Amino acid sequence: MKSILCYLFFFIPLSYQQTHAQVYIKTEYISSTSYKDEENKLSGAKGDLKVIQGGFRVPLSVKMNENNRPTAWAIGCSASHASMSNKKLPVTLCPSDMLNLQIGLTHTRPLNAKWSMLATVGAGLYMDSDNLSKARWDNILGQGAIVFIRHLRPNLDLGVGAALNNTFGYPMLFPAFYFNWRLEGRYEVNVALIDAVRVSVGMKFNNHLKLSLVAEMDGMMALSERNGKKMYFTQQYVVVGLRPEFTLGKSLSIPLTLGITPARSAFYSKRSLKEYFSDDDESDPHFRLGFYCSLGIAWKF
């Protein structure tokens with residue numbers, strides 16, 4: 001499974017449907033599991049993953065039209081730190097710390113009753129260390145995208161467009177996709193490709209408690225250099241689990257997730273398009289199935 005983070009990383013985590021300000025913080029833990037090398041063999045190494053992340057989103061201006069669709073500008077910022085307690089796993093294969101910092105501006109506007117436009121531009125610092133004194137220009141990733149979204153139904157949006165980033169060391173254009181399908185009420189279903197891949201099926205017990213079955217993909221990326229060669233490191237993981245979400249008042253929500261990570265890849269690769277699309281019989285280095293838990297707090301205002 002080749003990493004798709006560098007392909008999707010242009011999606012600054014700013015959903016165009018949200019017109020309110022939000023602050024969030026989240027902690028994650030994946031238990032220590034065995035590591036399989038690029039030949040899909042157990043190497044005797046193992047490691048866990050601990051992540052803390054947070055951010056905010058602030059609308060700069062919002063104007064709703066007669067179809068209740070926004071013309072809006074918003075700015076957002078996020079930070080993520082990951083630490084890995086690796087055993088018998090050298091830092092040349094997997095670092096012990098990662099740091100991601102992002103800032104982005106997003107703009108959305110309705111084009112007519114059936115179409116909207118979403119544009120984002122931003123930049124981020126992606127390091128395989130948490131020492132900011134080691135930051136270099138090569139750790140900075142610029143990104144932007146424009147997506148045209150078709151409102152097929154009141155609960156179904158499908159979009160396509162173009163994205164630009166310099167993951168491979170030079171500006172490159174990628175196709176961009178957007179998908180959001182949802183059912184609301186006592187029983188909720190949401191399938192989304194916006195800032196990540198997220199699927200959830202849930203039930204509201206009351207105004208203060210919702211229980212969902214979720215499947216999500218998340219991760220972090222670092223831009224680095226090894227032996228004089230430009231590299232990128234990705235740690236991406238799939239989460240499947242149960243998520244009770246507690247709501248206090250109208251503005252504070254506390255999601256708790258318990259589950260497993262059936263897939264967690266972690267490897268360095270050259271920052272080249274040829275390397276990214278290379279097709280061979282070997283699998284990407286990865287950790288075996290692990291236990292997952294997370295706790296978050298989000299405040300809307």
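"Buried" on this tour means under 20% relative accessible area, "exposed" means over 50%, and "partly exposed" is anything in between. Keep that in mind, and remember that you're looking at a predicted model.

**Stop 1: the whole chain**

Start with everything selected. The protein chain carries 2 helices and 15 strands. Its radius of gyration is 20 Å, close to the 19 Å that the globule rule gives for 301 residues, so the chain is as compact as a globular protein of that length. Turn the C-alpha trace around and you'll find that it spans about 60 × 45 × 40 Å along its principal axes. Buried residues account for 44% of the 301. Switch on a surface and about 15200 Å² is exposed, with carbon and sulfur atoms supplying 62% of that.

**Stop 2: strands 11, 12 and 13**

Now select residues 209-226, which is strand 11, and residues 229-248, which is strand 12: they run antiparallel, joined by 18 bridges. To see one pairing up close, pick aspartate 218 and look across to tyrosine 237, its bridge partner in strand 12. What sits between strand 11 and strand 12? The two form a hairpin with 2 residues between them, and asparagine 227 in the turn has a positive phi of about 55°.

Carry on along the chain by adding residues 252-270, strand 13. Strand 12 runs antiparallel to strand 13 too, and 15 bridges join them. Here phenylalanine 246 has isoleucine 254 of strand 13 as its bridge partner. This hairpin has 3 residues between its strands, and glycine 249 takes a positive phi near 65°.

**Stop 3: a nonpolar patch**

Show the side chains of Val201, Phe205, Leu211, Leu213, Val240, Leu242, Ile260 and Leu289. Together they make a nonpolar surface patch of about 670 Å². Which strands each supply at least two residues of the nonpolar patch? They are strand 10 (197-206), strand 11 and strand 12. For a single example, click leucine 213, which lies in strand 11. Its relative accessible area is 49%, so leucine 213 counts as partly exposed.

**Stop 4: salt bridges**

The whole structure has 9 salt bridges. Let's visit a few.

Select aspartate 48 and lysine 50, whose closest N and O atoms are 3.2 Å apart in a salt bridge. Is aspartate 48 buried or exposed? With a relative accessible area of 8%, aspartate 48 is buried, because that value is under the 20% cut-off. Lysine 50, at 30% relative accessibility, is partly exposed.

Next, go to aspartate 138 and lysine 230, a salt bridge with its closest N and O atoms 3.8 Å apart. This pair links distant parts of the chain: aspartate 138 is in the loop between strand 5 (115-127) and strand 6 (140-153), while lysine 230 is 92 residues away in strand 12. Aspartate 138 is partly exposed at 33% relative accessibility, and lysine 230 is partly exposed at 42%.

Then try arginine 198 and glutamate 216, whose side chains meet in a salt bridge at 3.5 Å, N to O. They also link distant parts of the chain, with arginine 198 in strand 10 and glutamate 216 in strand 11, 18 residues apart. Arginine 198 is partly exposed at 24%, whereas glutamate 216 is buried at 12%.

For a last selection, bring up Glu188, Lys204 and Lys210, which are linked in a network of salt bridges.

Methods. Residues are numbered from 1 along each chain as its sequence is written. This is a predicted model: local features need pLDDT of at least 70, side-chain atom pairs count only at pLDDT 80 or more; totals for chains, interfaces and linings use all residues. Side-chain values use heavy atoms; hydrogens and water are left out. Two strands pair if DSSP finds at least two bridges between them. Helices (H or I, at least four residues) and strands (E, at least two) are DSSP runs, numbered from the N terminus. Patches are made of residues with over 30% relative accessible area and no salt bridge: like charges are joined within 9 Å, nonpolar side chains (Val, Leu, Ile, Met, Phe, Trp, Tyr) within 5 Å. Accessible areas come from the Shrake-Rupley method with a 1.4 Å probe; for residues, only the protein chains shown count as cover. A salt bridge is a side-chain nitrogen of Lys or Arg within 4 Å of a carboxyl oxygen of Asp or Glu. Buried means under 20% relative accessible area, exposed over 50%, partly exposed in between (1.4 Å probe, protein chains only). The radius of gyration is taken over C-alpha atoms; the globule rule is 2.2 Å times the number of residues to the power 0.38.
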